[in-house]
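Me: I am new to this structure and would like a close look at a single part, the sheet. Please describe how it is put together and then how the rest relates to it.

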Amino acid sequence: MASSIQQVEGDESVVLRVTHSNLKTFASDIRFSLHLTVEAVKDKLWKKCGTSVNSMHLQLYDDARNKIADLSDHSKPLAFYSPLDGFRLHVVDLDPSSVTSGGWLEDTSLVEKYTISEEAYNKRPDTFRKYKEKFTSQNTATAEAKIPDDCMGDLSADIKDPDVRLNLGQKGVL
(Lines give C-alpha, C1' and ligand atoms only; values in the text may rest on other atoms or scores of the structure.)
Protein backbone atom coordinates (compact mmCIF):
# COMPACT_ATOMS: atom_id res chain seq x y z
CA MET A 1 0.00 0.00 0.00
CA ALA A 2 2.85 2.41 0.73
CA SER A 3 4.00 2.29 -2.88
CA SER A 4 0.54 2.99 -4.35
CA ILE A 5 0.33 6.54 -2.93
CA GLN A 6 1.87 9.21 -5.11
CA GLN A 7 5.03 10.81 -3.69
CA VAL A 8 5.84 14.32 -4.86
CA GLU A 9 9.46 14.75 -6.04
CA GLY A 10 11.60 16.68 -3.54
CA ASP A 11 8.69 16.89 -1.12
CA GLU A 12 9.53 16.33 2.53
CA SER A 13 6.09 15.19 3.50
CA VAL A 14 4.18 11.97 4.00
CA VAL A 15 0.57 10.91 3.49
CA LEU A 16 -0.79 9.02 6.49
CA ARG A 17 -4.15 7.33 6.97
CA VAL A 18 -5.55 8.80 10.19
CA THR A 19 -7.97 6.79 12.34
CA HIS A 20 -9.53 7.54 15.72
CA SER A 21 -10.24 5.38 18.75
CA ASN A 22 -13.75 6.79 19.32
CA LEU A 23 -14.80 7.61 15.78
CA LYS A 24 -15.39 4.42 13.84
CA THR A 25 -16.38 6.17 10.60
CA PHE A 26 -13.47 8.64 10.70
CA ALA A 27 -10.60 7.71 8.41
CA SER A 28 -8.78 10.31 6.40
CA ASP A 29 -5.61 10.50 4.32
CA ILE A 30 -3.69 13.57 5.49
CA ARG A 31 -0.37 14.94 4.25
CA PHE A 32 2.06 15.91 7.00
CA SER A 33 5.38 17.66 6.73
CA LEU A 34 8.15 15.50 8.15
CA HIS A 35 9.48 18.62 9.88
CA LEU A 36 6.36 19.05 12.05
CA THR A 37 6.86 18.25 15.70
CA VAL A 38 4.57 15.67 17.28
CA GLU A 39 2.83 18.52 19.10
CA ALA A 40 2.20 20.32 15.76
CA VAL A 41 0.85 17.07 14.28
CA LYS A 42 -1.54 16.78 17.25
CA ASP A 43 -2.62 20.39 16.76
CA LYS A 44 -3.40 19.68 13.10
CA LEU A 45 -5.34 16.56 14.05
CA TRP A 46 -7.29 18.36 16.80
CA LYS A 47 -8.84 20.55 14.11
CA LYS A 48 -9.89 17.50 12.11
CA CYS A 49 -11.18 15.07 14.73
CA GLY A 50 -12.01 17.15 17.83
CA THR A 51 -9.74 15.47 20.38
CA SER A 52 -7.74 18.06 22.32
CA VAL A 53 -3.95 18.05 22.03
CA ASN A 54 -3.51 17.23 25.74
CA SER A 55 -5.90 14.26 25.55
CA MET A 56 -4.38 12.77 22.40
CA HIS A 57 -1.99 9.83 22.19
CA LEU A 58 -0.63 8.95 18.73
CA GLN A 59 0.37 5.51 17.46
CA LEU A 60 2.08 4.82 14.15
CA TYR A 61 1.33 1.60 12.23
CA ASP A 62 2.90 0.35 9.01
CA ASP A 63 0.92 -0.77 5.99
CA ALA A 64 0.96 -4.37 7.28
CA ARG A 65 -0.86 -3.19 10.47
CA ASN A 66 2.20 -3.62 12.70
CA LYS A 67 2.66 -1.01 15.40
CA ILE A 68 5.86 0.92 14.69
CA ALA A 69 5.93 3.47 17.50
CA ASP A 70 4.10 5.56 20.07
CA LEU A 71 4.64 9.21 19.22
CA SER A 72 5.13 10.29 22.82
CA ASP A 73 7.87 12.93 22.63
CA HIS A 74 6.15 16.21 21.68
CA SER A 75 9.42 17.93 20.75
CA LYS A 76 10.61 15.38 18.17
CA PRO A 77 9.83 15.90 14.49
CA LEU A 78 7.57 13.42 12.71
CA ALA A 79 10.58 12.31 10.64
CA PHE A 80 12.17 10.87 13.81
CA TYR A 81 9.63 8.02 13.68
CA SER A 82 10.35 7.30 9.96
CA PRO A 83 6.79 7.21 8.64
CA LEU A 84 6.21 6.26 5.00
CA ASP A 85 3.34 7.05 2.68
CA GLY A 86 0.43 4.74 3.44
CA PHE A 87 1.26 4.21 7.11
CA ARG A 88 -1.57 4.70 9.61
CA LEU A 89 -1.55 7.27 12.39
CA HIS A 90 -4.03 6.23 15.07
CA VAL A 91 -5.42 8.84 17.47
CA VAL A 92 -6.24 7.48 20.92
CA ASP A 93 -8.53 9.82 22.87
CA LEU A 94 -7.60 9.64 26.56
CA ASP A 95 -10.38 11.95 27.80
CA PRO A 96 -13.36 9.90 29.05
CA SER A 97 -15.63 12.97 28.82
CA SER A 98 -14.47 13.88 25.31
CA VAL A 99 -16.95 15.09 22.73
CA THR A 100 -15.92 12.07 20.63
CA SER A 101 -16.71 9.47 23.31
CA GLY A 102 -19.99 7.61 23.53
CA GLY A 103 -20.78 7.86 19.83
CA TRP A 104 -22.32 11.33 20.06
CA LEU A 105 -20.68 12.51 16.85
CA GLU A 106 -21.69 9.47 14.80
CA ASP A 107 -24.86 7.90 16.22
CA THR A 108 -27.80 10.21 15.52
CA SER A 109 -30.16 7.95 17.47
CA LEU A 110 -28.54 9.33 20.64
CA VAL A 111 -29.67 12.86 19.79
CA GLU A 112 -33.09 13.98 21.04
CA LYS A 113 -35.24 14.99 18.07
CA TYR A 114 -37.83 17.76 17.97
CA THR A 115 -41.36 16.43 17.66
CA ILE A 116 -44.67 18.22 17.27
CA SER A 117 -48.17 16.82 17.60
CA GLU A 118 -50.52 16.80 14.59
CA GLU A 119 -52.86 19.18 16.42
CA ALA A 120 -50.08 21.71 17.10
CA TYR A 121 -48.78 21.39 13.53
CA ASN A 122 -52.23 22.03 12.07
CA LYS A 123 -52.58 25.19 14.19
CA ARG A 124 -49.43 26.73 12.66
CA PRO A 125 -50.10 29.14 9.76
CA ASP A 126 -46.79 28.62 7.94
CA THR A 127 -46.50 24.87 7.35
CA PHE A 128 -45.44 23.08 4.21
CA ARG A 129 -48.71 21.15 4.22
CA LYS A 130 -50.74 24.40 3.97
CA TYR A 131 -48.44 25.74 1.25
CA LYS A 132 -48.84 22.52 -0.74
CA GLU A 133 -52.65 22.58 -0.43
CA LYS A 134 -52.73 26.22 -1.58
CA PHE A 135 -50.36 25.52 -4.46
CA THR A 136 -52.27 22.47 -5.75
CA SER A 137 -55.64 24.20 -5.46
CA GLN A 138 -54.36 27.11 -7.60
CA ASN A 139 -52.87 24.78 -10.20
CA THR A 140 -55.60 22.16 -10.66
CA ALA A 141 -55.86 22.94 -14.38
CA THR A 142 -52.16 22.19 -14.83
CA ALA A 143 -52.44 18.94 -12.91
CA GLU A 144 -55.43 17.78 -14.99
CA ALA A 145 -53.64 18.55 -18.26
CA LYS A 146 -50.82 16.17 -17.43
CA ILE A 147 -49.84 13.90 -20.33
CA PRO A 148 -50.41 10.22 -19.52
CA ASP A 149 -47.39 7.89 -19.45
CA ASP A 150 -48.72 5.59 -22.21
CA CYS A 151 -49.61 8.31 -24.77
CA MET A 152 -46.76 7.29 -27.09
CA GLY A 153 -48.06 3.73 -27.20
CA ASP A 154 -51.41 4.96 -28.57
CA LEU A 155 -49.69 7.11 -31.20
CA SER A 156 -47.41 4.31 -32.31
CA ALA A 157 -50.26 1.84 -32.96
CA ASP A 158 -50.61 3.07 -36.56
CA ILE A 159 -46.89 2.65 -37.40
CA LYS A 160 -46.21 -0.38 -39.60
CA ASP A 161 -42.53 -1.02 -38.68
CA PRO A 162 -42.58 -3.11 -35.44
CA ASP A 163 -39.08 -1.97 -34.36
CA VAL A 164 -40.05 1.71 -34.46
CA ARG A 165 -43.35 0.96 -32.70
CA LEU A 166 -41.48 -0.77 -29.83
CA ASN A 167 -39.11 2.17 -29.40
CA LEU A 168 -41.92 4.75 -29.44
CA GLY A 169 -43.92 2.75 -26.91
CA GLN A 170 -41.11 2.88 -24.30
CA LYS A 171 -41.27 5.56 -21.64
CA GLY A 172 -38.93 8.49 -22.12
CA VAL A 173 -38.24 7.70 -25.82
CA LEU A 174 -39.44 10.25 -28.37
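Reply: Two strands count as paired if DSSP finds at least two bridges between them. The model is a predicted one. In it, five strands form an open sheet in the order β2-β1-β5-β3-β4, and their pairing is mixed. The edges are taken by β2, residues 27–33, and β4, residues 67–71. Each of these two has a single partner strand, so one side of each has no neighbour in the sheet. Between neighbouring strands of the sheet the average turn is 30 degrees, with direction ignored.

One edge of the sheet can be followed in detail. Strand β1 covers residues 13–20 and is joined to β2 by seven bridges, the two strands running antiparallel. Within this pairing, Val-18 has Ser-28 of β2 as its bridge partner. Side chains also connect the two strands: Arg-17 and Asp-29 form a salt bridge, with 2.9 Å between the closest N and O atoms. Because Arg-17 belongs to strand β1 and Asp-29 to strand β2, the pair ties together parts that are twelve residues apart in sequence. Both residues are partly exposed, since the limits for that class are 20% and 50%: Arg-17 has a relative accessibility of 29%, and Asp-29 has a relative accessible area of 42%.

The strands also contribute to the largest nonpolar core, which has 21 residues. The members that touch the most others are Val-18, Phe-32, Leu-45, Leu-58, Leu-71 and Leu-89. At least two residues of this core come from each of β1, β2, α1 (38–49), β3, β4 and β5. Helix α1 supplies the largest share, four residues. Val-18 therefore has two roles in this description, as a bridge partner of Ser-28 and as a member of the core, whose residues are by definition buried.

Two loops between strands deserve a separate look. Most residues other than glycine have a negative phi. Arg-65, in the loop between β3 (56–61) and β4, has a positive phi near 70 degrees. Its relative accessibility is 72%, so Arg-65 counts as exposed. Ser-82 is placed in the loop between β4 and β5 (88–93), and Ser-82 also has a positive phi, near 55 degrees.

Away from the sheet, other salt bridges can be described. The whole structure holds seven of them. One of them joins Arg-129 to Glu-118, with the closest N and O atoms 3.2 Å apart. This pair links distant parts of the chain, with Arg-129 in helix α3 and Glu-118 in helix α2 (residues 118–123), eleven residues apart. Arg-129 is partly exposed, at a relative accessible area of 33%. In another salt bridge the side chains of Asp-126 and Arg-124 meet, at 3.4 Å from N to O. Asp-126 is exposed at 54%, whereas Arg-124 is partly exposed at 40%.

Helix α3 spans residues 128–138 and includes Phe-128. Phe-128 has a relative accessible area of 57% and is exposed. Together with Tyr-131 and Phe-135, Phe-128 makes a nonpolar surface patch of about 380 Å².

Terms used. Residues are numbered from 1 along each chain as its sequence is written. This is a predicted model: local features need pLDDT of at least 70, side-chain atom pairs count only at pLDDT 80 or more; totals for chains, interfaces and linings use all residues. Side-chain values use heavy atoms; hydrogens and water are left out. Patches are made of residues with over 30% relative accessible area and no salt bridge: like charges are joined within 9 Å, nonpolar side chains (Val, Leu, Ile, Met, Phe, Trp, Tyr) within 5 Å. Accessible areas come from the Shrake-Rupley method with a 1.4 Å probe; for residues, only the protein chains shown count as cover. A salt bridge is a side-chain nitrogen of Lys or Arg within 4 Å of a carboxyl oxygen of Asp or Glu. Buried means under 20% relative accessible area, exposed over 50%, partly exposed in between (1.4 Å probe, protein chains only). Axes are lines fitted to C-alpha atoms, for helices over the stretch in contact, and angles run from 0 to 180 degrees between N-to-C directions. A nonpolar core is a set of buried Ala, Val, Leu, Ile, Met, Phe, Trp, Tyr and Cys residues joined through side-chain atoms within 4.5 Å.
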